Amino acid sequence: MGAKIVLVSVLAVMAAFGDRPDYTKFVRPEMGTVNTGGGNGCNISTGNLFPMIARPWGFGGWSPQSRADYSSRWFYDYADPRLYGIRQTRQPSPWIGDHGCWYFLPITGKPAEQQKDRCSWYSHKTETFNPGYYSVYLADFNVKVELTPVLHGAVARFTYGETKTPGVVVCAFKDGKVGLSDDKLRVTGFSVVNNNHRGHGAKVCQHFVMEFDRPAENVSTLPDGALHVSFAPVKRGDQITARIASSLISPEQAALNLWESEVEDFDMLVSDAKAAWNLQLGKILVEGDDIDKIRTFYTCLYRTMLFPLAVWEQDADNKVIHWSPTTGEIKPGYYYAGTGFWDTFRALFPLLNFLSPGMNAWMTEGLQHCWEESGWLPEWSSPGLSDCMLGNNSASVVTDAWLSGVRGNFDINELWKAVVHGANNAHPKISAVGRKGVEFYNEKGYIPRDVKIGDSVARTLEYAYDDWCIAQLAKSIGRPKEEVELYERRSQNWRNVFDPQRKITVGRNSDGSFAKDFDPFKWEGDFREGCALHYTWCVFHDVAGLVEAMGGKKEFVRRLDEIFELPPSHNGNGVSHEFREMLVMDMGQYAHGNQPIQHMIYLYDWADALEKTQHRVRWAMEKLYRPTPDGYCGDEDNGQTSAWYVWSAMGMYPVCPGSGEYALGAPLFDRVIVNTPAGKQLVITAPGAKYGKELFPVVKFNGEVLKRPFVKRADLQQGGVLSFE
Ligand code: CA
């Protein structure tokens, strides 16, 4: 690491972490956690996040809980003045909801009977956020809480003032249960909360155990089912520690998972958690003088390393097993869940394939298990098959992994079967799984708008891109020519919803006619969470074809420019938070707060206008992201919106996952160093970026001028110098 460290000027502000830099200091888990909009986050959102304290890709995470009502999917708001406890959560998004959650609150004295009264005033000024450590002072009980995560649990430490009644309340919500072991050392329980209203699959039950370092003296069950334990009197500054583990399998497995915190030294576990994060965050080193940009960058990088969550555990023989979210059985192998491919196929999974293919090998193995157990690939998992959003983008996720060289304990031929099954069938109950409307799509080449399928244009565009992915996968694994050609042909179906007269995507009737009442500003209907102005660009795999269809490069550039100049109007059926996000940003129709348009700026690259990409992408980075509690726009969505920033700050973006190519932009930092999975270093230089320089007309890779503004993943992973000049 020595040579690398010298290159990084941020060291000036970096505290030494052993002999390695500590990137976790730059991470702001509170970024994007102001959730005040209308009390439920619906009206406007700045990320729709909670401050998640976890191990990278851990088995759930931990968060302060600032709302009393457990059933609210918005359980945290940075602006709330009181805390109700520390919650174990597996919530990927408030729109999806939490499952298996429970929480604890250290207290003194007699606890209030009702959950809504058991809380403490607190201040962010006494709070420490770090991906691997959290602490807060709870004034009402004169106690400091600290927590550090392990993979399947955490260790909590409570430092009390002098008190006769140091205690803890543990709550597993409605229908959960909490009790005390005979030796009075362990609080055990389970939570059956599942407020994923779109979830399908096995009934979730999360078991947990909290082992204290001393026996409880008193125990009582509160009217709402929460358990209160208290301990022998303590002097000021005395500490009580609890090791915590959880399991989706059984109480015995939860107890087994306690091995992760066998080292009882709390501070050592904090170091271990930070080291685990630094191993991941240290894959990219950025050089710059602007601490806000460095904080934003590492916060975004951290957000790309939380979801999907581990569902797997290790049995007594150290074998990897998982509770199947679709059948409830205990099965061998890895499994991950808690991500929506509609969001994350775009930039998050390509980032995994670029930086952490080994991690995606486990996730891909999990996809095969999901196929074997449920007969389908997930499109939105939490933890079972969730009925949310559209498309069939599992095809993109599998294809990009395979073509990026992700290999592991899975069989690509089995995954091929899964992908083809999903591409040609609709799930009988879950409209987001497989392809809703496939019978129309395969027959007509588009989803008609008059057959009650909904989202007709959005579906057609996404299915066509997914077909292109399937064709690439087919070629790569040597499928027969007819199969390759079938999917290649279908990948051109985007043309069927592109109106050659209006030169924009328009909903089409069964008889072939385009919608007469078409309004490019109208959200929903033939689109989902957007309008034709956003979706027309979703031809990731055939941008050259789209340029031609729109009338050539000059006209294409004019149309791209126009997006930023059009008024932020929407002629939809009311203003949801996605609409409003766009309205307030003063960026015209560039609705970055939601996913469909996030790749759009990079399309200038296909029309000889790299300088426009560079200008706009820097503008979007500077305008839309801050390392502050209101620092994201829209829903962050499981790492996708963060991955956009990570890619863009490196000067590139994977417009078409599955292609192995990234479109170029403008780096945010003078120098970025990527430690690639091949053990090589990729150095990206952009002198002057830190002073605001954004136009770099010449880009070279290893000294050779790039003739097109694209770079190949495979080349970059072999290391070298990508210089923006
Ligand atoms: Ca979204």
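**Entry 1: β24 and its sheet**

I began with strand β24, residues 320-323, in this predicted model. I found that β24 is joined to β25 by three bridges and that the two run antiparallel. For one residue of this pairing I looked up the partner: Trp 323 has Ile 330 in β25 as its bridge partner.

I then traced the sheet as a whole. It is an open sheet of three strands, in the order β23-β24-β25, with antiparallel pairing. I noted β23 (312-314) and β25 (330-332) at the edges; each has a single partner strand, so one side of each lacks a neighbour in the sheet. I also recorded the turn between neighbouring strands of this sheet, which is 40° on average when direction is ignored.

**Entry 2: the six-stranded sheet**

I next examined an open sheet of six strands. Its order is β21-β35-β36-β40-β37-β38, and the pairing is mixed. Which strands stand at its edges? I identified β21 (284-287) and β38 (704-705), each of which pairs on one side only.

I followed β21 to its partner. Four bridges connect β21 with strand β35, residues 671-675, and these strands run antiparallel. Within this pairing I located Glu 287 opposite Arg 671 in β35.

**Entry 3: strand β4**

I asked whether the residues of strand β4 (residues 61-65) are buried or exposed. Five of the five are buried, so I describe β4 as largely enclosed by the rest of the structure. The cut-off I applied for a buried residue is under 20% relative accessible area.

I also looked up how β4 pairs. It forms five bridges with strand β6, residues 85-89, in the antiparallel sense. I noted Thr 89 in β6 as the bridge partner of Gly 61.

**Entry 4: the calcium ion**

Which protein atoms serve as donors of the calcium ion? I listed Asn 594 through OD1, Gln 595 through OE1 and Asp 637 through OD, at 2.2 to 2.3 Å from the ion. Along the chain I read the spacing of these donors as N-Q-x41-D.

I then placed two of the donors in the fold. Gln 595 lies in the loop between α16 (577-584) and α17 (610-624). Asp 637 lies in the loop between β32 (634-635) and α18 (640-649). The two residues are 42 residues apart, and I recorded that the pair links distant parts of the chain. Finally, I checked the accessibility of this pair: Gln 595 and Asp 637 are both buried.

How values were computed: Residues numbered from 1 in each chain as written. Predicted model: local features only at pLDDT ≥ 70, side-chain atom pairs only at ≥ 80, totals over all residues. Heavy atoms only, no water. Donors = N, O, S within 2.8 Å, 3.2 Å for Na, K, Ca; no water. Buried < 20%, exposed > 50% of the residue type's maximum accessible area, 1.4 Å probe, protein only. Pairing = 2+ DSSP bridges. Axes fitted to C-alpha atoms, helices over the stretch in contact; angles between N-to-C directions.
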